Amino acid sequence: MGDFVNLTVEDGVGTIRLDRPKMNAINFQVQAELLEVAHQAAADDAVRAVVVYGGERLFAAGNDVKEMADLSYAEMAKRVAGVQAAVTAVAEIPKPVVAAVTGYALGGGCELTLAADFRIAADDATFGQPEVLLGIIPGAGGTQRLARLIGPSKAKDLIFSGRFVKADEALALGLADRLVPSASVYEEALAWAKQFVNAAPYALAAAKTAIDKGLGVDLATGLAIEQQQFAGVFATQDSKTGMHSFVENGPGKANFEGK
């Protein structure tokens, strides 16, 4: 367990918890700890799905501006790969990942939500990429993942203006996928994650890889990625189990072993 980020596992669901009072500001230590726990969640076979959570009060209000304010170009050039690496590690967890968003998800916090596969947000949550108001830009994937999620023109509107986005607009934009009362966010995220605990993990990983890798290439290359992933799952015992179960008992009754 780190000082500010930890991973707990219960009933097949891993929770990555940010806990750096008061605002979960993401400093370099948080990034290092997040990178480590993301790798742990990816490697642990007991983890079938992941919830990323900042607590009941807020998700994360952004990167630690005080820590960055006096850094030179040369100093940040050395650190920027690490800034991106932590969020990318979350995005590359080969399992379903849901962000449970309460309160504020701003700057680096918003970028972390973008690394999830699904976002369940409080109906009073606030999203935003306000970096330009500080004279900088998103540096942990915001310019890339936000544009891919909601489209380039909408992403430019949010990033150029730096404006905050309330929950209802976030839902309309596709920045949030479901809104629930604030007190229910974590439980709803757990419920979403638990639906995958008994699923075929290699099939889920292959589907996630095909979608995510395909987003960054042309259609022909994306189809080639899909072909590779589709053929690959036939090397798993779960594919035999699932297909024979379907033939004999109908859909949704297979008992997958993760092999």
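## Strand pairing and the β1-β2 hairpin

Two strands are taken to pair if DSSP finds at least two bridges between them. In this predicted model, T8 has T15 as its bridge partner in β2. A further bridge partnership links V5 with L18 of β2.

These bridges belong to a longer run of pairing. Strand β1, residues 5-10, and strand β2, residues 13-18, pair in the antiparallel sense over six bridges. The two strands form a hairpin with two residues between them. In the turn of this hairpin, D11 has a positive phi of about 55 degrees.

## The six-stranded sheet

Strands β1 and β2 are part of an open sheet of six strands, whose order is β1-β2-β3-β4-β6-β9. The pairing within this sheet is mixed. At its edges stand β1 and β9 (178-180), each of which pairs on one side only. Neighbouring strands are turned against each other by 20 degrees on average, direction ignored.

A helix lies against this sheet. Helix α8, residues 185-194, packs on the sheet and touches β2, β3 (49-53), β4 (97-101), β6 (118-122) and β9. The direction of α8 makes about 170 degrees with that of β4.

## The three-stranded sheet

A second open sheet is formed by three strands in the order β5-β7-β8, and its pairing is mixed. Its edges are occupied by β5 (104-106) and β8 (164-166). Each of these edge strands has a single partner strand, so one side of each is left without a neighbour in the sheet. From one strand to the next, the twist averages 20 degrees.

Within this sheet, β7 (residues 126-128) and β8 run antiparallel and are joined by three bridges. At one position in this pairing, F127 has V165 of β8 as its bridge partner.

## Helices α1 and α3

Helix α1 (residues 28-43) packs with helix α3 (residues 73-91) at an angle of about 40 degrees, and their axes are 8 Å apart. Angles under 35 degrees count as roughly parallel, and the angle found here makes α1 oblique to α3. The crossing in which α1 passes α3 is left-handed.

On the α1 side, the residues that meet α3 are F28, Q31, L34, L35, A38 and H39. On the α3 side, the residues are M76, R79, G82, V83, A85, A86, A89 and V90. By class, this contact has 10 nonpolar, three polar and one charged residues.

## Helices α5 and α6

Helix α5 (residues 142-150) and helix α6 (residues 152-161) pack with their axes 7 Å apart, at an angle of about 135 degrees. Angles over 145 degrees count as roughly antiparallel; α5 and α6 are therefore oblique to each other. Their crossing is right-handed.

Helix α5 contributes G142, T143, L146, A147 and I150 to the contact, while α6 contributes P152, K154, A155, L158 and I159. These residues divide into seven nonpolar, two polar and one charged.

## Helices α9 and α10

Helix α9 (residues 201-214) packs with helix α10 (residues 219-232) at an angle of about 165 degrees, with the axes 9 Å apart. The two helices are therefore roughly antiparallel to each other. The crossing of α9 and α10 is right-handed.

In α9, the residues A206, T209, A210, K213 and G214 meet G222, I225, E226 and Q229 of α10. The residues of this contact divide into three nonpolar, four polar and two charged.

## Domains

The domain assignment of the protein gives two spans: domain 1 covers residues 5-195 and domain 2 covers residues 201-249. The C-alpha centres of domain 1 and domain 2 lie 27 Å apart. Where the domains meet, nine residues of domain 1 are in contact with six residues of domain 2.

Key. Residues are numbered from 1 along each chain as its sequence is written. This is a predicted model: local features need pLDDT of at least 70, side-chain atom pairs count only at pLDDT 80 or more; totals for chains, interfaces and linings use all residues. Side-chain values use heavy atoms; hydrogens and water are left out. Axes are lines fitted to C-alpha atoms, for helices over the stretch in contact, and angles run from 0 to 180 degrees between N-to-C directions. Helices (H or I, at least four residues) and strands (E, at least two) are DSSP runs, numbered from the N terminus. Angles under 35 degrees count as roughly parallel, over 145 as roughly antiparallel, 65 to 115 as roughly perpendicular and the rest as oblique. A crossing is left-handed if the near helix is turned anticlockwise from the far one by less than a right angle, and right-handed if clockwise. Contact means heavy atoms within 4.5 Å. Ala, Val, Leu, Ile, Met, Phe, Trp, Tyr, Cys and Pro count as nonpolar, Asp, Glu, Lys and Arg as charged, and the others, Gly among them, as polar. Domain bounds come from an automatic or database domain assignment.
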